[in-house]
Amino acid sequence: MARISLSPPRTRLFRGVEWYSRRVYGKVLDPLRALAHNSRVLWSYVRLEQSVAKWNRLDPDLKALAEMTSAAAIGCSWCMDFGYWVNRERGMAPRKVQDVPVWRDSDAYTPLERDVMEYAEAMTATPPTVDDALVARLRDRLGEPALVELTAMVALENLRSRINSSLGLTSQGFKDACEVPGAASGAKGAAVRK
């Protein structure tokens, strides 16, 4: 249950963000509702997300895996729910999205993807546990511009996940839109596999 009201003041900014969110996602995102209690925070957050959407030096699947790994490490159910839906919608392999919380035990990932996920976990740890050998492998495989973007994406996901978790924001049911309708109860959580 949210620790803050999800009925913020109906400022012009919030009404615009609300309209956009409904148009793009089909519903108003709870993090936007929560942040709308402080218009300056909401405006800064929206501008940040708009800028980040233009970053393009890192492969989108690697970016998604890094974000979801960080969210899983923090335990942000809202971010995992939304990340699952967004990445399924854009065509990411269902098993890769589904196995993020257990990536170390899954055979769904390439060595590069594993390094990206390990980096995301290491950056998310408090204090960070990033080591030189891992960074060297990523720098060699990705190049410095993509490594910088990867680092910034993990840091941004830490911001998102820590805000959402601290404010008590939980799943909004995005993942449910990806599930097999009427799946047997024994297949709970099973995603459609292509």
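**Exercise 1. A salt bridge at Arg95**

Find the salt-bridge partner of Arg95 in this predicted model, and decide how each of the two residues is placed: buried or partly exposed.

*Solution.* Start with the charged atoms: Arg95 forms a salt bridge with Asp99, and their closest N and O atoms are 3.1 Å apart. Next, look at the accessibility of each partner. Arg95 has a relative accessibility of 33%, so this residue counts as partly exposed. Asp99 has a relative accessible area of 10%, which makes it buried. While you are here, look at Lys96, which is found in helix H6 (residues 94-98). Lys96 is buried, at 17% relative accessible area. Leaving aside residues up to four places away in sequence, Lys96 touches Leu65, Ala108, Tyr109, Thr110 and Glu113.

**Exercise 2. Helix H7 and its surroundings**

Check the length of helix H7 (residues 111-124), then work out which elements help to cover its buried residues.

*Solution.* First, the length. With 14 residues at 1.5 Å a residue, H7 should span 20 Å, and its end C-alpha atoms are 20 Å apart, which agrees. Second, the burial. Ten of the 14 residues are buried, so H7 is largely enclosed by the rest of the structure. Among them are Leu112, Val116, Met117 and Tyr119. Third, the cover: it includes helix H4 (60-74), H6, helix H8 (132-142) and helix H9 (144-166).

Now follow one residue of H7 outwards. Asp115 forms a salt bridge with Arg137, with 3.0 Å between the closest N and O atoms. Because Asp115 lies in helix H7 and Arg137 in helix H8, this pair ties together parts that are 22 residues apart in sequence. Asp115 is buried, with a relative accessible area of 12%, while Arg137 counts as partly exposed at 36% relative accessibility.

**Exercise 3. Rings around Phe174**

Which geometry do the ring pairs of Phe174 with Trp78 and with Phe82 have?

*Solution.* What should you look at? A pair of aromatic rings is described by the distance of the centres and the angle of the planes. A search of the whole structure finds seven aromatic pairs. In one of them, Trp78 and Phe174 sit 6.3 Å apart, centre to centre, with 80 degrees between the planes, and the pair is edge-to-face. This pair links distant parts of the chain, with Trp78 in helix H5 (residues 77-89) and Phe174 in the segment after H9, 96 residues apart.

Take Phe82 next. The ring centres of Phe82 and Phe174 are 5.1 Å apart and the planes are at 80 degrees, so this pair is edge-to-face. Phe82 lies in helix H5 and Phe174 in the segment after H9, so the pair ties together parts that are 92 residues apart in sequence.

To finish, widen the view. Tyr25, Trp78, Phe82, Trp85 and Phe174 form one aromatic cluster. Phe174 is buried at 3% relative accessibility, and Phe82 is buried at 16% relative accessible area. Lys27 lies over the face of Phe174, 4.6 Å from the ring centre.

**Exercise 4. A network of salt bridges**

Which residues are linked in a network with Glu157 and Arg160?

*Solution.* Begin with the pair itself: Glu157 forms a salt bridge with Arg160, and their closest N and O atoms are 2.9 Å apart. The two are three residues apart in helix H9, which means they are separated by about one helical turn. Glu157 counts as buried at 5% relative accessibility, and Arg160 is buried at 12% relative accessible area. Now add the partners: Glu49, Glu67, Glu157 and Arg160 are linked in a network of salt bridges.

Terms used. Residues numbered from 1 in each chain as written. Predicted model: local features only at pLDDT ≥ 70, side-chain atom pairs only at ≥ 80, totals over all residues. Heavy atoms only, no water. Helix = DSSP H or I, 4+ residues; strand = E, 2+ residues; numbered from the N terminus. Buried < 20%, exposed > 50% of the residue type's maximum accessible area, 1.4 Å probe, protein only. Contact = heavy atoms within 4.5 Å. Expected span 1.5 Å × (residues − 1). Phe/Tyr/Trp six-rings, centres within 6.5 Å; stacked < 30°, edge-to-face > 60°. Lys NZ or Arg CZ within 6 Å of the ring centre and 35° of its normal. Salt bridge = Lys/Arg side-chain N within 4 Å of Asp/Glu carboxyl O.
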